[in-house]
Amino acid sequence: MLSSRLIKNTIILFVIVVAFAQINFAQEVKDSKQITDIVSTLKQKILLNSDQETKIIGILTELKANVAAKPENKSSLIKDAQSKLESLLDKRQKMKYDILRNDFWQQIAG
């Protein structure tokens, strides 16, 4: 009687843990896709090369992780990410980026 109850509770606990893992994984995939889509749009608008695109995806992925870990530092983390991103752009790209900057960062900051 006791062992069957223990097995039942263990199975229920296992199912709950697996469900939470799936939800967490799905959220990470969604965030990754969102970042990729936003950077793809930026690539088309300011003509990023593939190296810049890869670096910007890395910057934004790091930003999302840092904001999730320390939401109280969100504004300083965003400013840091902005400066990293802007340092990757050439003069022509910066001119186009300046027009899009506010809308771009509103999408990121959500």
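Colleague: What makes I7, I11, F14 and V15 a nonpolar patch on the surface?

Modeller: In this predicted model, a patch takes residues with over 30% relative accessible area and no salt bridge, nonpolar side chains being joined within 5 Å. I7, I11, F14 and V15 form such a patch, and together they have about 420 Å² of accessible area. One of them, V15, has its place in helix α1 (residues 2-46).

Colleague: Why is the contact of K43 and E53 called a salt bridge?

Modeller: The cut-off is 4 Å between a side-chain nitrogen of Lys or Arg and a carboxyl oxygen of Asp or Glu. For K43 and E53 the N to O distance is 3.1 Å, so the pair qualifies. The pair links distant parts of the chain, with K43 in helix α1 and E53 in helix α2 (residues 50-69), ten residues apart.

Colleague: How do you know whether E53 is buried or exposed?

Modeller: Buried means under 20% relative accessible area. E53 has 16% and therefore counts as buried. K43, at 30%, is partly exposed, because that class lies between 20% and 50%.

Colleague: What makes E62, D80 and K84 one network?

Modeller: K84 meets E62 in a salt bridge at 3.6 Å, N to O. This pair links distant parts of the chain, K84 in helix α3 (residues 74-87) and E62 in helix α2. D80 also forms a salt bridge with K84, the closest N and O atoms being 3.6 Å apart. D80 and K84 both lie in helix α3, four residues apart, about one turn of the helix. Salt bridges that share partners thus join E62, D80 and K84.

Note on methods:
Residues numbered from 1 in each chain as written. Predicted model: local features only at pLDDT ≥ 70, side-chain atom pairs only at ≥ 80, totals over all residues. Heavy atoms only, no water. Patch = residues over 30% accessible without salt bridge, like charges linked within 9 Å, V, L, I, M, F, W, Y side chains within 5 Å. Areas by Shrake-Rupley, 256 points an atom, 1.4 Å probe, with all protein chains shown as cover. Helix = DSSP H or I, 4+ residues; strand = E, 2+ residues; numbered from the N terminus. Buried < 20%, exposed > 50% of the residue type's maximum accessible area, 1.4 Å probe, protein only.
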